[in-house]
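Let's take a walk through this model together. Have the viewer open and follow along as we go.

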Amino acid sequence: MRTGTVKSSIGLGSLLWAGIGDTVRVSLSAEPEEEVRVGFEMLKALGLRHRGVNIISCPSCARQQYDVIRTVEALEKRVGHITTPMTVSVIGCVVNGPGEARETDIGFTGGGANNHQVYVAGVPHHRLKDGNVVDHLVALIEKKAAEIEAAKAADEQRHRTAAE
Ligand code: SF4
């Protein structure tokens, strides 16, 4: 499936990047749901569609202050059902963490002695000391999704009332 995903991303991605095409169909030797997920990931990566949680993470290295790869892996599974568009940065240390967090709805930067920094809307919000990183991020993402949906519903209601 990895090979198919790479081939589809290069083939379809270059066309979409050039502004060609209105619909996308990814074919993989995998479950159909996986083809849809890959299609949406391509559109998200190109900035053409915003659906669900877009996780921006670092590749991780010896400086990471928690296991970035396992955290992102678990997080992607836990928030895969959320369709509300939002960006979340999951970064291993302060080298890139604060910078990425500035551009995302929720940011997480690994800190020394298991004392990590959480950002909301680009600014430092609170610290997570000795907590479960995945559980904490899932709770923050679900809360943010509920807030965005509530604001959207209130906005739609305002427009409906104004049109009456
Ligand atoms: S942000 Fe930190 S942990 Fe992540 S790759 Fe860069 S230096 Fe390594």
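At what angle do helix α3 and helix α5 pack, and how far apart are their axes? Keep in mind that what you're looking at is a predicted model. The angle comes out at about 35°, and the axes sit 10 Å apart. To find the pair, highlight residues 68-78 for α3 and residues 133-163 for α5. As for handedness, α3 passes α5 in a right-handed crossing.

Now zoom in on the residues that make this contact. On the α3 side you'll find T71, A74, L75 and R78, and they meet V133, V134, L137 and V138 of α5. Sorted by character, the residues of this contact come out as six nonpolar, one polar and one charged.

Next, the strands. Strand β3 (residues 106-109) runs antiparallel to strand β4 (residues 115-120), and four bridges join the two. If you want a handle on the register, look at T109, whose bridge partner in β4 is Q117. The two strands form a hairpin with five residues between them. Within that turn, A113 has a positive phi of about 55°.

β4 also pairs with strand β5 (residues 123-129), again in the antiparallel sense, over six bridges. Here the register can be read from H116, which stands opposite L128 in β5. β4 and β5 make a hairpin too, with two residues between the strands. A positive phi turns up in this hairpin as well: A121 takes a value near 55°.

On to the ligand. Which residues surround it? One stretch of the list reads C58, P59, S60, C61, R63 and Q64, and the rest of the shell is I91, G92, C93, V95 and N96. By character, the shell divides into six nonpolar residues, four polar and one charged.

One last stop: E35, which is found in helix α2 (residues 32-45). Is E35 buried or exposed? E35 counts as buried because it has 20 C-beta neighbours inside 10 Å, and the cut-off for that label is 20 or more. Leaving out residues up to four places away in sequence, E35 touches V26, S27, L28 and A30. For a sense of distance across the model, try D135: it lies 100 residues from E35 along the chain, and the C-alpha atoms of the two are separated by 27 Å.

Definitions and conventions. Residues are numbered from 1 along each chain as its sequence is written. This is a predicted model: local features need pLDDT of at least 70, side-chain atom pairs count only at pLDDT 80 or more; totals for chains, interfaces and linings use all residues. Axes are lines fitted to C-alpha atoms, for helices over the stretch in contact, and angles run from 0 to 180 degrees between N-to-C directions. A crossing is left-handed if the near helix is turned anticlockwise from the far one by less than a right angle, and right-handed if clockwise. Two residues are in contact if their C-beta atoms, placed from the backbone, lie within 7 Å. Ala, Val, Leu, Ile, Met, Phe, Trp, Tyr, Cys and Pro count as nonpolar, Asp, Glu, Lys and Arg as charged, and the others, Gly among them, as polar. Two strands pair if DSSP finds at least two bridges between them. A residue is near a molecule or strand if its C-beta atom, placed from the backbone, lies within 6 Å of it. A residue is buried if 20 or more other C-beta atoms lie within 10 Å of its own, exposed if 12 or fewer, and partly exposed in between; C-beta atoms are placed from the backbone.
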